[in-house]
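Please read the following report alongside the sequence and the coordinates. It takes up strand pairing, then a covalent link, and ends at the surface.

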Amino acid sequence: VQLQASGGGLVQPGGSLRLSCAASGSIFSRNDMGWYRQAPGKQRELVATITSGGRTSYAESVKGRFTISRDNAGYTMYLQMNSLKPDDTAVYYCNAVKWVGLWAPVFNSWGQGTLVTVSS
């Protein structure tokens, strides 16, 4: 599966980061897409989704602070993260998603993800 998340790093509380997810054209053009994250000792959780048509949804914990977007021509998805909090510290992953009554990941392979650490 060709999905590569990047852009993570160390940032102070209140700071911003922009994550990118590069996907193969065959995956990106046919699928809705989503960002997930997994904090240490916790289960992976869905952060945001964006349909092929651009409709977005967010977890309550990030609503108003994170913005998901996609560049269909460049097969890239983004997650703009503002007003970051220590609770946002996690490894962030991207995946294609599908609606089955709730959003679910399409692929079982998650790749390396990108680490976001929010700390002073």
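In this predicted model, Y36 has L46 as its bridge partner in β5, while its bridge partner in β9 is Y93. Y36 belongs to strand β4, which spans residues 32–38 and is mostly covered, five of its seven residues being buried. The two pairings of β4 are set out below.

| Pairing | Sense | Bridges | Partner of Y36 |
|---|---|---|---|
| β4 and β9 | antiparallel | seven | Y93 |
| β4 and β5 (residues 45–50) | antiparallel | five | L46 |

Strands β4 and β5 form a hairpin with six residues between the strands, and in this hairpin G41 takes a positive phi near 75°.

Strand β9 also takes part in a covalent link. The structure holds one disulfide, which joins C21 to C94 with an S to S distance of 2.1 Å. Because C21 lies in strand β3 (residues 17–23) and C94 in strand β9, the pair ties together parts that are 73 residues apart in sequence. The torsion about the S-S bond of C21 and C94 is about 75°, so this disulfide is right-handed. Both C21 and C94 are buried.

What lies at the surface in the loop between β9 and β10? The loop between β9 (90–99) and β10 (103–105) contains V100, which counts as exposed because its relative accessibility is 51%, and the cut-off for exposed is over 50%. Together with W99 and L102, V100 makes a nonpolar surface patch of about 350 Å².

Conventions: Residues are numbered from 1 along each chain as its sequence is written. This is a predicted model: local features need pLDDT of at least 70, side-chain atom pairs count only at pLDDT 80 or more; totals for chains, interfaces and linings use all residues. Side-chain values use heavy atoms; hydrogens and water are left out. Patches are made of residues with over 30% relative accessible area and no salt bridge: like charges are joined within 9 Å, nonpolar side chains (Val, Leu, Ile, Met, Phe, Trp, Tyr) within 5 Å. Accessible areas come from the Shrake-Rupley method with a 1.4 Å probe; for residues, only the protein chains shown count as cover. A salt bridge is a side-chain nitrogen of Lys or Arg within 4 Å of a carboxyl oxygen of Asp or Glu. Helices (H or I, at least four residues) and strands (E, at least two) are DSSP runs, numbered from the N terminus. Buried means under 20% relative accessible area, exposed over 50%, partly exposed in between (1.4 Å probe, protein chains only). Two strands pair if DSSP finds at least two bridges between them. A disulfide is a pair of cysteine sulfur atoms within 2.5 Å.
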